[in-house]
Amino acid sequence: MPMKSRLLFPLALILSAPLAAQEARPAPEGWDPAMWEVEDSEFAPEPGWRFGKLDNGLRYMIRRNDRPENTALVRMVIEAGSLDEQDSERGYAHFVEHMAFNGSNRVPEGEMVKLLERLGLAFGADTNASTGFDRTEYKLDLPRADADLLDTALMLMRETASELTFDEEAVQREKGVILSERRVRNSYAYKNLIDSLEFTYPGARLPERIPIGTIETLEAADAATLRAYWAREYVPSDTVLVVVGDFDPALVEAEITEHFAGWQAADSPDQPAAGPVDPAYAGATDIYVDPALTESVVVMRHAPYSEAPDTREERFRSLLHSLGARALARRLQRLQRSEDPPFRGVSISTSDLLEVSRTTQIAVSSEDGGWKRGLDAAIAEYRRALQYGFSEAEIAEQVSNIRTSGENAAANAATRSNASFVGRALALLRGERVPVTPQEELAFFEEHAEAISPQAVLDAMRAEAVPLDNPLIRYTGKTEPEGGAEALRATVDAAFAREVAPPEAAEAVEFAYTDFGTPGQVVSDSTTDELGIRTLRFANGVMLNLKPTDLADDRVMVEVNIDGGQMLASREDPLAVELVPLLPAGGLGKHSRDELQSILAGRSVGSSLRAEGETFVASATTTPRDLELQLHLIAAYLVDPGYRAEGLGPWRKGLEDFFARLGRTPSSALGEALGPLISNGDPRFSRQPLTSYQALDFDRLRGNLADRLATGALEIALVGDFEEDAAIALVARTFGALPPREAAFREYGDERGTRSFTDRRGAHAVTHLGEADQALVRFIWPTTSAEDWELSSRLSLLSRVMDLELTETLREELGQTYSPHASSSQSDVYRDFGTFSLGAEVDVSQVVAAREAIERALRRMVAEGPSEDTLDRARRPLLESLDNRLKTNGGWMALVDRAQSEPEDIVRFLRAKDRQLAITPAELRDLARQYLDPEQALVVTVLPDSAKTD
């Protein structure tokens, strides 16, 4: 649910510049605090924004920005959501959002999405909308900052705001889609959410206004009732436009005026409150049981909501209790990282709910049967914090982290992304805080740093917390707790009555991994003709790829590829690398993970490791000033991983719970069935028994991993804001100083590099343990691996074409499914292995009809191929994504990471657009004939376990 925490504000919301510094600069053009209901704020937004309001009441925020270059984001927010619905209209706010794509005065039904696709916007990725309790947001991500595209985008927003047609037939078709969406969401998690809201806020409006609505009100919806809600709630004074991108603000303002000034003003209906929430509500207990739920207990109390003015004093107070919340979370994290942690997860917070209440809660999740121990530990730490406060060292650690966050934000201020600015605009619209510059935020912090003390932090925490006397208690789990509600309350009462000891102080230590030996020598140094990527090799065999960019100031992406990856798994040992992502949790030989967190406080470094096809990948984003430490840290994990058993504690606690959730939804059941079904039971691609995972430990991982970490081929990539010679010297002193490595990544040509596709085609039935009306149909064919660039491009485009065909057939024509599926996946690891799949989640009564509709779409494709228009709509967003790929550091990293070991990827990317443009409808028809024969498909139907297959 949308809740904003009073203890965990991000830096941008809790800090601001000194008032004198604000007064020294003018406010942005058009800024009027009253217009945005922030009259109590002592601050003005940072320069560069343009604010405005049309005569009819519509407001707008505009900002020019060029990251990514020549792109833009357009958002329209209607300040109406499910809270605005009458009893008979539940679900209508969301229904209207769907109807925005189903016909208006200027855009015929079914043409809006097609129009956007022809302009290069992919449905879902670039064209989307969302409905919440108090607002509805429409989103267009423009792949080009083109004046004509902006004109079209704003035209479509205006059509949505005031020109929808609500054709009755279109309403009835879309009703099936919405009921499908509700059916897909109707899982154990959704039902748990409903019960939680009803217990936590009895008598409030919030639990009665879940945006998806009820089956009864949705089935009763028609064009007239939907139009009534829309006409009442979609009014200019409740509408805000946000445009951020590579446009002249004057042009954007003129376009907004042209498209929206003629919209007739109308009264804004009052939005009902989400409450009421009674602060006296106490002493109640709720027990909710489902076989798929994690065992958890929440202890909470409500207090009246009190709106805090946006003053310098309030922002400093917010900073203080944010520091306290961070310090408390750090203590809880330390407990959770032990070898036998008392809980699987824990959070303690004080949050506001939609301006109707303030709630303090302690939430604990545990392994089955462990709730008492978890509650005792969490409540003890909470009471210890409020009774004794924190040490100088604990507060200093959090101060260091916040200072670094502020410094990083200030250093990156000139190259912030469009999305970052949109986020700030929407935060202002929500009334959270007036956003100032990152430099001003940092200046405010430094001005007040000396006033931060453990006592000041403790005072702020005590003032903010709602007393947890006679609290509300909510339990969830697979079975009822032993002793029931009485045992729950007795445990909570005892935990609050028990004496708590003062915290133990932790000793500070220094990072021990700064000397890796004699710096390595560069033995080769060249630059690729394509894209200018600098490639070097050290005498020990380590490869280094460099691409400095100016796309994001003060940011450096680091990626290290080490030979091995999933190729170390075998039929005899399919779980050989299962624990690789947990290796950082085991710490280093000389430091536990917890010690590392304190040692590295205030530094922009991270540690992660994952097993990909043929390599282990460590990646992080850092800053130029912390690049050396980041390289030290990754290198330390190569030479001296700690393999501490404590790193597996939380993972072990969650294993049984994870297995209990498997198969509880159709998609989960399909995911569990497909691996062994496709690959004839190959254990590398099949879920192993629970006992096999429980038997894993770090000693076994060490035996499988040690050789690759010590000697496997190693390729490092750096992308971003760094100086090349300095970076080379840093790598020379770390990875370049390691003992010799293998010169090249291994060719895994034995059984490990092969994967089969079953000959057992035709119909297969799988059952799930979810709702009785949920089903899923999936068609799957074998294709081939990704070596053939032309074939790979055609298969990728064919999947996009089939996605459009299925969407139009299943969703638009039949109203059967919320989200049809089409994908092509070609392996670049397993020889000759690839898959092409189509399908949808449907009502159990529609399985046969959905399967027949998919087969009709296949037969049309095989007989005729796609139309030129369908091909263009599928291809255009792909071409735009290729054009924009190198406008972010992440896009560059995908080519720089293996520039020496896989140089063909660069050529492949550079020629991708030409390959796509050359593809014809006839080629896709022939490709469908070659691969998508319905008679050769593996057809999997997932049905509820109580249903009979036909």
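## A first look at helix H19 and its surroundings

Arg702 has a relative accessibility of 37%, so this residue counts as partly exposed, between the limits of 20% and 50%. Arg702 sits in helix H23. Ala576 is 126 residues away from Arg702 in sequence, yet the two C-alpha atoms are 9.9 Å apart in space. Please keep in mind as you read that this is a predicted model.

Helix H23 also leads us to another helix, H19. The buried residues of H19 pack against H23 (698-711), as well as strand S16 (556-563), helix H18 (593-599), strand S18, strand S19 (714-720) and helix H24 (724-733). How many of the 13 residues of H19 are buried? The number is 11, so the helix is largely enclosed by the rest of the structure. Among them are Leu627, Gln630, His632, Ile634 and Tyr637. The length of H19 can be checked too: at 1.5 Å a residue its 13 residues should span 18 Å, and the C-alpha atoms at its ends are 19 Å apart, which agrees.

Next come the nonpolar cores. The table sets two of them side by side.

| Core | Residues in the core | Some members |
|---|---|---|
| Largest nonpolar core | 76 residues | Leu544, Val560, Ile716, Leu718 and Phe735 |
| Another core, apart from it | 53 residues | Met155, Leu156, Ala221 and Trp230 |

The members shown for the largest core are those with the most contacts inside it. H19 provides the largest share of this core, with nine residues. Phe735 gives a good view of the packing: leaving aside residues up to four places away in sequence, Phe735 touches Leu631, Ile634, Ala635 and Leu638, and its other partners include Val560 and Ile716. Of these partners, Leu631, Ile634, Ala635 and Leu638 are listed among the buried residues of H19.

Finally, what about empty space inside the model? There are four cavities of 30 Å³ or more, and the largest holds about 120 Å³ of space. Which element gives the most to the lining of the largest cavity? Helix H19 does, with three residues. Strand S18 (615-622) and H19 (627-639) each supply at least two lining residues. The residues around this cavity include Leu583, Pro584, Ser608, Ala618, Ile634, Tyr637, Leu638 and Leu709. By class, the lining has eight nonpolar and four polar residues, and no charged ones.

Ile634 makes a handy landmark to look for: Ile634 is buried in H19, touches Phe735 and lines the largest cavity.

How values were computed
Residues are numbered from 1 along each chain as its sequence is written. This is a predicted model: local features need pLDDT of at least 70, side-chain atom pairs count only at pLDDT 80 or more; totals for chains, interfaces and linings use all residues. Side-chain values use heavy atoms; hydrogens and water are left out. On a 1 Å grid over the protein atoms alone, a cavity is a set of points where a 1.4 Å probe fits but cannot get out, and a pocket is an open set with protein on both sides within 12 Å along at least five of seven lines; lining residues have an atom within 4 Å of a point. Grid points are joined across faces, edges and corners, and a volume is the space filled by probe spheres set on the points. Helices (H or I, at least four residues) and strands (E, at least two) are DSSP runs, numbered from the N terminus. Ala, Val, Leu, Ile, Met, Phe, Trp, Tyr, Cys and Pro count as nonpolar, Asp, Glu, Lys and Arg as charged, and the others, Gly among them, as polar. A nonpolar core is a set of buried Ala, Val, Leu, Ile, Met, Phe, Trp, Tyr and Cys residues joined through side-chain atoms within 4.5 Å. Buried means under 20% relative accessible area, exposed over 50%, partly exposed in between (1.4 Å probe, protein chains only). Contact means heavy atoms within 4.5 Å. The expected span of a helix is 1.5 Å times one less than its number of residues.
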